[in-house]
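Biologist: Got a minute to go through this model with me? I'd like to start with the charged pairs.

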Amino acid sequence: MVVKILNLVLIVLISILIVVVKQIPKHISEYLLEDVKNKNARQLQVESYFKEIGGQEQLKILSEWSNMLVDLEYFKEKYTDEKN
């Protein structure tokens with residue numbers, strides 16, 4: 001009787017172990033997939049941030065050039081040593 005109970009417990013434990021071992025690759029692949037998604041999301045945020053800063057810098061440069069071409073007084077004040 002005791003041997004039958006031990007066999008039953010052993011079969012249940014082995015079954016649980018088999019199920020757990022079969023699930024390990026699935027969990028590992030999900031973990032790796034989430035890690036890649038997080039890295040990609042972070043990279044997109046970094047690129048977006050630098051594009052925004054770059055766009056602001058380009059706008060500043062465009063304004064400078066536009067002012068130099070259109071507003072001669074601005075050009076004179078900014079780039080000459082002459083004082084009125």
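Modeller: Sure, and keep in mind it's a predicted model, where local features need pLDDT of at least 70, side-chain atom pairs count only at pLDDT 80 or more, and totals for chains, interfaces and linings use all residues. Residues are numbered from 1 along each chain as its sequence is written, and side-chain values use heavy atoms, leaving out hydrogens and water.

Biologist: Which residue does Glu34 meet in a salt bridge?
Modeller: A salt bridge here is a side-chain nitrogen of Lys or Arg within 4 Å of a carboxyl oxygen of Asp or Glu. Glu34 and its partner sit three residues apart in helix H1, so about one helical turn separates them. The N to O distance is 4.0 Å, and the partner is Lys37.

Biologist: Is Lys39 buried, partly exposed or exposed?
Modeller: Buried means under 20% relative accessible area, exposed over 50%, and partly exposed in between (1.4 Å probe, protein chains only). Lys39 forms a salt bridge with Asp35, the closest N and O atoms being 3.6 Å apart. Asp35 is partly exposed at 28%. Lys39 has 53% relative accessibility, which makes it exposed.

Biologist: Where does H1 bend by about 30°?
Modeller: H1 covers residues 2-70; helices are DSSP runs of H or I with at least four residues, numbered from the N terminus. The bend at a residue is the angle between axes fitted to the seven residues ending there and the seven starting there. A proline, Pro25, follows within four residues of the bend, which is at Ile24.

Conventions. Helices (H or I, at least four residues) and strands (E, at least two) are DSSP runs, numbered from the N terminus. The expected span of a helix is 1.5 Å times one less than its number of residues.
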